[in-house]
Every structure is written in structure tokens, then in C-alpha cells.
Amino acid sequence: MASDFQINSGVRSLLAKHWIDLKKVQLGAFHGTVRLTGELCRLGGECASDHDPRLVDNLDAEIRMIRGVERVYFELTNWRRGGGGEWICTDRAARAKTTTSSSGESMVLNVQTSSQEGRQDQPKAAARRAP
Amino acid sequence: MSLDACIASLERLAAARPKYPDSWYNFGCLLAHAGRPADAIHAVNRALEIHPQYVEACITRCFLLVELGRQAEATREFKRIHVRSPDDFATVFALGVFLLRCGWKDSGLDVLLRAVSMRPRLPYVLLRAAAASNALGRTDEAAALLYRARAVVENLGLQDLTAGLPPGMSGLEQHASWQDPFLSKVFVLLAHHAAGAGDEDGAERELRSACKKLPGCQLLFWHMGRTLLGRGKRDEAERWLAAQIQMDMDSPQAHLELSFLYAEAKDLERSVASLRKAVALRPLYPDYRYQLGTLLFDLGRIDEAIEELRRVLSIHPGYGHASIHLASAYLARDDASRALEVLASSPCADWPEALVLSAQAHLKLAQPLEARAFLGKALAKDPTSTEARALLASLVSCEVVA
């Protein structure tokens, strides 16, 4: 039977393959039970696949393939189970809230128009870059 | 993936997670790299509003202020950062580059030489100092620094890196362009986006090229090692991680990854040695100690495991995984009362595996009723728990016999 540490190692390796940010998720194996707690998100930035409900299901399936793993628990702050048992990324819900106005029209975060600090210096910056 | 697509993606992420400083900082780094300092500083400011002590973001802000022509303000801010951590290598190196950016070549070189003295084997630091030295006409000094960088890289035996070195003094100018503290982060973000788009080869290529440009950069080498490990290229991953340690003794993450690599190769003693080095470098970082405690427990070195796991909980009392292993270690020492104490005060108390452990501890204390109650709770939490079912079945059969 694989030791807890070897299971930890296998799970970390798998999460690395998926570019999961290990600073935000805590993982531990105990007698074949793997538990992931915290926030499950990828390193750096967002990809189309990051909010795909299959992300957690795929991870679940792949972790179960690791030798010695019998059970996997996910206790995540940014994913929850829906009524039908499917995984829902709560960041995605937050995003929908942020990017949709009350009238339902799509809004785009525009740093160019909201950057007061940047705007006042923009001509200078442009001038410095000209050569 | 193109830089624009990556920026658009990070913009969406920052909008989705407006309270996460990392999202804003990463977004700012890409904007800065794309030559949009005005937008970048807005994003970096958002990160700093959430996390005012975010040192990387503070330093990046100073560079952006210079880009925006606000040099005096940038200098004042950088002074404050430096005063807070005058002996932090990353800050000192960034300060040297910052001073050069401001046009203070002599001071910049002096500070860079201090960074060299702090990390004498880091090629990207040696090369940056060589370029600054060469720009001042101090060609002998520049040649010596370049020679040292070449010697370090050639000793590592990584052909990728050797090929990336400047052929001579003329090539140093190219290295003088590494002026941004966020550059390594940008490379990682681009690699991540390539991987996210399913282009794992592209991600690896991106990291290889970045490691060539910044030989010795901890963040890049660590990602390179992890990426290779994730792709099953263990031997190569080991070479990159070992190279990082050879160049920079202060690389706890490289030791940690090596310990996992050795564990997968079933060389557990080497794994312990690597973990001990990681712990020695970051004694207050709970994760390294937790991994060490778990490994020692697996090796049957229970007393040492208890020691490490207790320290984890003294640093981070809410570390549930450590509580479970510590309770299990106490049980292995037949100290059921302590096991129960650890579990009762832990946030993991309601985890099915903790409930089963509590039941085992009560059984050791000849308290079958309490054990049964805990097993009931475990099964309520997870009806599929085979350990809880098996223990309950044995408890019931004992009762029948009695």
C-alpha cells in the first residue's frame, strides 16, 4: 500500500500538471483518504477551462487513479455542489454578478477609463515611449 | 497564447475576483509588459488597496511610476520599501535595477554588486551586474562577472542554459533589458495560459525560454521543475531543481519538490533529507513540516513525527491535516487521551476520518458508547465510509459476544 506521503506526492504532481495553485489549496492524505480544502484555482490567470464544472470531476477521477487512494473529499471555498450533484464554481457566479448590470446588459471592466492615476500621466508615458 | 488574449483573460479573472490581490497584481504585470504603464499602475494599486504590504506589488508600482515620469515619488516609495527590509535579496536586487532605470548608474551598480555578494552564484544577477559594469566602462569588472556567470551555468550541465548565455561582452546589452521585477511572473502567466489552452508543449517551451533569459530565477526554475514533474519527466525535473539549489542555497521549494520526486522513486530517506533542508530554510512554514511529519510517520519514526506535527500546530493551530496525523501518531503510541485532545480542538473534528480516529481512541480507553456515537456521526457525514462501517461492525459483534 502507498504511504500517505507518497499519495500526497502523487496528488501534488497531478495538481501541478493541471497548474493548480498549491498556495491556495491544502491537501492531505490519511489512510487512503485524500482531502482538498481551500480555494481551487489555477496559477496566475483564468482560462476558459478554469470554470468548467468538469475540472473538479476530472481531478476527482484522476486522484482516485493514484495508487492507494480510496476516497476523495473536496471542501472548497470557491466550488460547491449543485442540486443535481454537479460542481459549480462560485467565482463564476461572482463574475456574472460583476459583469452584468441590473438591466442585464453586459458590462466590461475597463481599466483605461477607470484609471484616474494612469490617465493623468498617459501623455508623458506615451512621449517617453515614442523613440 | 498571445499577450493580448492573456491580458483579456486576466482582466476577466480580476473582475470575477475583485478581492484577490494576486489577480490584480498579475493583471498589472501583463499590462506593464504590454507597455501600458498607466493601466498597469491602476491594477497594481487595486492589489495594494487589498493587501498594502504586498512587497512585489509595491516594487512594481515604483517601476511603473518611473515609466510614468514620476521618478521622485517612485524613489521615495522605494526608499520606504528598502528601509523595511534592507537585507532582503529580492528587494536589494530590484533596488539596483531601479536605480539604473532612474539613470543613477554608479549607485545602481553598487547595489547590484551588493546583491551579487548576497547571492554569489545566481547567473541572472551576475549578468545584470556585468551589463551595468560594462555600461560604466568598467570592462575588467564586467568580464570577471560574466566569467563567473558562465562558470556557474556551465557547471550545472543544463545545455539550455549554457546556450542562453551572452557569447561575450557585446551580448550583455541584451541582458541589460531585464529591468522589470515582474518579468518572471509574466513568463509564468504566459506559460500557464498556453497550458490552459491545452498546449502543454507550448507551456514547457515558454518556461525553457524564460529560464534561459533569467538563469537562476527561483520562480521560473520551480515552475520548470513542477511542469516537468507533472509531465512525468522526472530525471529532467530533478536536474532543473538540483541546479536551482546549486545556484541558490535559499530554495526551499526546490527541496520540497525534490522530496516528492524521491518519494515517487521510493527513495524515502533522501526524501526526508530534502524535506529537512526545506524546513531548515523556512522553519515557520507549516506545510514543509507537515509533509516531513507525515513522511516520518510513514517510516515508523513516530516520536520524530509527533515533534514535527506538534510544531506545525503551534505555528498554524487550524491545520486540520496535521491534527489528524498527530492524533494518529498519539494513538500509535497508545496515548488515546492526547489523540482525543488534539482532535477535539481541531477544525477537522467533524471530518469523517477524524471521527473514526476519535472512535478508535475511545475504544482504546474502553469507552464503547462514545466510540459508537462517533462512528454514527462519521456515517452520517459519509455513509460510504468503509472504516467507520468496519469498526462499527466489529464493535457490534463484540457486544453480541459479550
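What share of the contacts in chain B with a separation of 6 or more is accounted for by residues 24 or more positions apart? Keep that in mind for a moment, everyone, and hello. Before I answer, please remember that we are looking at a predicted model.

The answer is 49%. So much for the opening puzzle; let's walk through the two chains, and I'll begin with chain A.

Chain A has 131 residues, and 37% of them are buried. If you take the contacts in chain A between residues at least 6 apart in sequence, 48% of them join residues at least 24 apart. As for its elements, you can count 5 helices and 5 strands in chain A. Follow the sequence from its start and the pattern reads α-β-β-α-β-β-β-α-α-α.

Let's look at the sheet. In chain A, 3 strands form an open sheet, ordered β1-β2-β3, with mixed pairing. Which strands stand at the edges? They are β1 and β3 of chain A, where β3 covers residues 71-76. Each has a single partner strand, so one side of each is left without a neighbour in the sheet. On average, neighbouring strands here are turned by 15 degrees against each other, direction ignored.

What does mixed pairing look like in detail? Start with strand β1, residues 25-30, and strand β2, residues 33-38: β1(A) and β2(A) pair in the antiparallel sense over 6 bridges. If you want a spot to zoom in on, find Gly28(A), which stands opposite Arg35(A) in β2(A). Now go to the other side of the pairing story: β2(A) and β3(A) pair in the parallel sense, over 6 bridges. There, you can pick out Leu36(A), whose bridge partner in β3(A) is Phe74(A).

Let me go back to the turn for a second. The hairpin of β1(A) and β2(A) has 2 residues between the strands, and in this hairpin His31(A) takes a positive phi near 50 degrees.

Here is a question about β1(A): why can we call this strand largely enclosed by the rest of the structure? Because 5 of its 6 residues are buried. And there is a helix to look for as well: α1 of chain A, residues 4-17, lies across β1 and β2 of chain A, and it runs at about 145 degrees to β1(A).

Now, over to chain B. How many helices and how many strands does chain B have? It has 24 helices and 0 strands. Chain B has 402 residues, of which 53% count as buried. Taken along the principal axes, its C-alpha atoms fill a box of roughly 90 × 45 × 40 Å.

With that many helices, I chose one to follow: α12 of chain B, residues 183-196. One of its partners is helix α13 of chain B, residues 200-213. The two pack at an angle of about 165 degrees, and their axes are 7 Å apart. Angles over 145 degrees count as roughly antiparallel, and therefore that is what we call α12(B) and α13(B). The crossing of α12(B) past α13(B) is right-handed. On the α12(B) side, the contact includes Phe187(B), Leu190(B) and Ala191(B), and on the α13(B) side it includes Ala203(B), Leu207(B) and Ala210(B). The residues of this contact divide into 8 nonpolar, 3 polar and 2 charged.

The same talk needs a second partner, and that is helix α2 of chain B, residues 21-33. Here α2(B) and α12(B) pack at an angle of about 100 degrees, with axes 9 Å apart. That angle falls within 65 to 115 degrees, so α2(B) and α12(B) are roughly perpendicular to each other. From α2(B), the contact is made by Asn26(B), Cys29(B), Leu30(B) and His33(B); from α12(B), by Lys185(B), Val186(B) and Leu189(B). Those residues divide into 4 nonpolar, 2 polar and 1 charged.

Last stop: two loops in chain B. Asp334(B) lies in the loop between α20 (320-332) and α21 (336-344). Asp334(B) is not a glycine, although its phi is positive, about 60 degrees. Is Asp334(B) buried or exposed? Exposed, because 9 other C-beta atoms lie within 10 Å of Asp334(B), and 12 or fewer counts as exposed.

Ala366(B) makes a nice companion. You will find Ala366(B) in the loop between α22 (352-364) and α23 (368-381). Ala366(B) also has a positive phi of about 60 degrees without being a glycine. Ala366(B) is exposed, with 9 other C-beta atoms within 10 Å.

That's my tour. Thanks for listening!

Notes
Residues numbered from 1 in each chain as written. Chains lettered and ligands numbered in written order. Predicted model: local features only at pLDDT ≥ 70, side-chain atom pairs only at ≥ 80, totals over all residues. Helix = DSSP H or I, 4+ residues; strand = E, 2+ residues; numbered from the N terminus. Buried ≥ 20, exposed ≤ 12 C-beta atoms within 10 Å, placed from the backbone. Contact = placed C-beta atoms within 7 Å. Pairing = 2+ DSSP bridges. Axes fitted to C-alpha atoms, helices over the stretch in contact; angles between N-to-C directions. Parallel < 35°, antiparallel > 145°, perpendicular 65-115°, else oblique. Left-handed = near helix turned anticlockwise from the far one by under 90°. Nonpolar A, V, L, I, M, F, W, Y, C, P; charged D, E, K, R; others polar.
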